[in-house]
Amino acid sequence: MTLSANPPIELPLESLSLAQKWQVFDWLKSDLAVEEIGPQEWHFDVLAEREKMLATGETELISLEQFSKELRGELS
């Protein structure tokens, strides 16, 4: 992966082991302050739309077990 910079920064993410990738992930997560990121406004719109669909009966909640079963069926 190359990050756009001057000069470009090459990060060999593809060649890292799984453990190394988790180390990078943990470092990035700890480096980013939650206050800097915060919730994105579009997320509230998505949640409101989903709540509306539940209230009107356009969709329904399913159990995690049912979701897992359906997902496995789609992936196999």
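Me: Before we look at Leu71, what makes a stretch of this predicted model a helix?

Reply: Helices are DSSP runs of H or I with at least four residues, numbered from the N terminus. Leu71 is found in one of them, helix H4, which covers residues 64–75.

Me: How do you know that the span of H4 fits a helix?

Reply: The expected span is 1.5 Å times one less than the number of residues. For the 12 residues of H4 that gives 16 Å, and the end C-alpha atoms are 16 Å apart, so the two agree.

Me: And what does the check give for H3?

Reply: Helix H3 (residues 41–56) has 16 residues and should span 22 Å; its end C-alpha atoms are 23 Å apart, which agrees. Just after H3, Gly57 takes a positive phi of about 85 degrees.

Me: Why is Leu71 called partly exposed?

Reply: Buried means under 20% relative accessible area and exposed means over 50%, with partly exposed in between. Leu71 has 35%, so it is partly exposed.

Me: What makes Leu71 part of a nonpolar surface patch?

Reply: A patch residue needs over 30% relative accessible area and no salt bridge, and nonpolar side chains are joined within 5 Å. Leu71, at 35%, is over that area cut-off. Its partners in the patch of about 530 Å² are Ile62, Leu64, Phe67 and Leu75.

Me: Why is H4 described as hardly covered?

Reply: A residue must fall under 20% relative accessible area to be buried, and among the 12 residues of H4 the count of buried residues is 0. For the chain, buried residues make up 0% of the 76 residues.

Me: Why is the pair of Trp22 and Phe25 called edge-to-face?

Reply: Ring centres must lie within 6.5 Å to pair, and planes over 60 degrees apart count as edge-to-face. By this rule the count comes to 1 aromatic pair. Trp22 and Phe25 form it, with 5.3 Å centre to centre and 90 degrees between the planes, so the pair is edge-to-face. These two are 3 residues apart in helix H1 (residues 18–31), and so are separated by about one helical turn. Phe25 counts as partly exposed because its relative accessibility is 43%.

Me: Which elements have the lowest and highest mean pLDDT?

Reply: Strand S1 (residues 2–3) has the lowest, at 60, and H4 the highest, at 95. The chain averages 86, and 87% of the residues score at least 70. Where pLDDT is low, the predicted coordinates should not be read in detail.

Definitions and conventions
Residues are numbered from 1 along each chain as its sequence is written. This is a predicted model: local features need pLDDT of at least 70, side-chain atom pairs count only at pLDDT 80 or more; totals for chains, interfaces and linings use all residues. Side-chain values use heavy atoms; hydrogens and water are left out. Patches are made of residues with over 30% relative accessible area and no salt bridge: like charges are joined within 9 Å, nonpolar side chains (Val, Leu, Ile, Met, Phe, Trp, Tyr) within 5 Å. Accessible areas come from the Shrake-Rupley method with a 1.4 Å probe; for residues, only the protein chains shown count as cover. A salt bridge is a side-chain nitrogen of Lys or Arg within 4 Å of a carboxyl oxygen of Asp or Glu. Buried means under 20% relative accessible area, exposed over 50%, partly exposed in between (1.4 Å probe, protein chains only). Rings of Phe, Tyr and Trp (its six-membered ring) pair if their centres lie within 6.5 Å; planes under 30 degrees apart count as stacked, over 60 as edge-to-face and the rest as tilted. pLDDT is the predictor's confidence in each residue, from 0 to 100.
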